[in-house]
Amino acid sequence: MDRPTLEQLALTTEPQMVRRRFDEHNLVWAYTVAWLFVVSSLALVPFAAFKTKSPALHVLAAAIDVLLTLFLLSVMSQLRQAKRNPAAKPLPAFAATIGRNLPTWLIALFVTKFAVLEIFAMTDRGGWVAWAVIFPIGTIVLRLLLQQRVVLYAGILTIFAAVGLLAPAHVNIKEAIAICAGVGFASAATFAIGALASRALKRTAIEEGSQRRTEAREQLRIRDELRFAREVQISMLPEGPPMLAWADIAGISLPATEVGGDYYDYYVVDGRLAVICGDVAGHGLASGITLSALRSGFTLLRDALLDPAHVLERLQEVVTQSSRRRMMVTISVLLLDPDTHKATIASAGHPPLIHIRNSKPEFIELFSTPLGARLGANVPQHVLPFTAGDVFVLHSDGIYETVSEHGETYGLERLARVVAVNDGTAEEIRDAVLRDVEGFRGDEPQLDDVTLVVVRIV
């Protein structure tokens, strides 16, 4: 009775659709009928004790009937609870077995119950005949396959015939024919009504099940495509930082969805290090396509990264032409020259770069429109000196815009403090920031991509 997964729904056959719907219907009605059986079973005990010629045998039979009925009620209750709350504790083995074979158990129960009623009414010709007419009406509520319903009615009619032969009351041929005709007509009518109702539910189950199967296959297709897109995007990120004697580098990008909108990369050009950090507005495949185009642009223009602002200005057209939708990209480039000890920073609307010198943070913010804004503005550029021990941090807004459980915002100042107090390697600084952001966020979900690149001058 477990809720099917997408994979199971996608592979569901029509017989499985019908069985699941029948089981759902029968579980509700079996629980209701079980309570009715409890009442009738308890009523049989005093009847067996005071109204029959063999009270000991009848009381034993009635007691067994009560126990079986209570067992059924217990199992139906557990199956209903499991259906309502699939995450609850696992079903006992016997309940799980009944749940997997519910029609078979219900057929056995109905046949057994009918046998008990007929045995108790054997001494009363009107009684056992009346039960043979009335009891099949209760089977109409069951939704069974045609062959299962045939088995159910074969069992009921077999018991009726056996009781008729064993009953002490004698009837003549005309009465026997009339009784058989009446019981046969009632059985045929209830059989037909139950079969038609089952057929209608079967048709509905197949239609709805086919639709769910189609939707599940479509969701799986989309999920697989997003997974592939995520793998492609991850493959666009650098496998590791370049190994430089004068710079210790560590970076990471954690997408908030399957396909994120953040990007970072490293390029070594004529002994100089160019670090790129970008953020496409939004998430999803459109962002991934734009990032792919940007990465291709940087690869083609890598030799021109000695002038970062010029490269960003040339990539303006790449962003505007990569999608019919207007895509906005904030991006920052840090160029470090170990010979001149000069850092060149160019930014197109990206968050401030953080420069740590002597444990004191400085925010390098260059005001400009993002790429894709189509305003034709020049990309600003800033040059500053650096020395051994300095730390540069490029990041996306997913870090400082992180919101805590109390609605507080992480902020740039906290980010700068965490970096400034950490005197470890670039990887240790990066990990310290991530731990602090995660602890600050608590149980709140990650709402935006988180990208962080740390460069520590050795």
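**Note on the predicted model: two sheets and their packing**

1. Start with a hairpin. Strand β4 (residues 329–337) and strand β5 (residues 342–348) run antiparallel and are joined by seven bridges. This is a predicted model, and everything below should be read that way. Four residues separate β4 from β5 in the hairpin. In that turn, H341 has a positive phi of about 55°.

2. The register can be checked residue by residue. I331 has A348 of β5 as its bridge partner. S332 is matched with S347, again in β5. In general, the side chains of a regular strand alternate between the two faces of the sheet.

3. β5 also has a partner in β8. These two strands pair in the antiparallel sense over five bridges. One of the matches is T344 with V383 of β8. How much of β5 is buried? Six of its seven residues are, so the strand is largely enclosed by the rest of the structure.

4. Now the sheet around the hairpin. It is open, has five strands and follows the order β2-β3-β4-β5-β8, with antiparallel pairing. The edges are β2 (262–269) and β8 (381–385). Each has a single partner strand, so one side of each is left without a neighbour in the sheet. From one strand to the next, the twist averages 15°.

5. A helix covers part of this sheet. Helix α10 (residues 308–321) lies across β4, β5 and β8. Its direction runs at about 25° to β5.

6. There is another open sheet of five strands. Its order is β1-β10-β9-β6-β7, and the pairing is antiparallel. Which strands stand at the edges? They are β1 (247–254) and β7 (360–364), each pairing on one side only. Neighbouring strands here are turned by 15° against each other on average, direction ignored.

7. Inside that sheet, look at strand β9 (residues 391–395) and strand β10 (residues 450–457). They pair in the antiparallel sense over five bridges. L394 stands opposite V453 of β10.

8. Two helices deserve a look next to this sheet. Helix α13 (residues 426–441) packs on the sheet and touches β1, β9 and β10. The direction of α13 makes about 30° with that of β1. Helix α12 (residues 412–420) lies across β6 (353–357), β7 and β9. The angle between α12 and β6 is about 35°.

9. Next, the aromatic rings. The structure holds six aromatic pairs. One of them is F110 with F135, an edge-to-face pair with 5.9 Å centre to centre and 65° between the planes. F110 lies in helix α5 (residues 102–120) and F135 in helix α6 (residues 125–138), so the pair ties together parts that are 25 residues apart in sequence. Are these two residues buried or exposed? F110 has 3% relative accessibility and counts as buried, because the cut-off is under 20%. F135 is buried as well, at 7%. The rings of F386 and F392 have centres 6.2 Å apart and planes at 85°, so that pair is edge-to-face too. Both F386 and F392 are buried. Ring pairs also link F114 with F110 and F135 into a cluster.

10. On the cysteines, be brief. How many disulfides does a search of the whole structure find? The count is zero. A disulfide would be a covalent bond between the sulfur atoms of two cysteines. C180 is partly exposed, with a relative accessible area of 48%. C277 counts as buried, at 0% relative accessibility.

11. Finally, the chain as a whole. It has 13 helices and ten strands. Of its 458 residues, 45% count as buried. Among contacts with a separation of 6 or more, 73% are between residues 24 or more positions apart. The accessible surface comes to about 23500 Å², and carbon and sulfur atoms hold 60% of that.

Methods: Residues numbered from 1 in each chain as written. Predicted model: local features only at pLDDT ≥ 70, side-chain atom pairs only at ≥ 80, totals over all residues. Heavy atoms only, no water. Buried < 20%, exposed > 50% of the residue type's maximum accessible area, 1.4 Å probe, protein only. Contact = heavy atoms within 4.5 Å. Areas by Shrake-Rupley, 256 points an atom, 1.4 Å probe, with all protein chains shown as cover. Disulfide = S-S within 2.5 Å. Pairing = 2+ DSSP bridges. Axes fitted to C-alpha atoms, helices over the stretch in contact; angles between N-to-C directions. Phe/Tyr/Trp six-rings, centres within 6.5 Å; stacked < 30°, edge-to-face > 60°.
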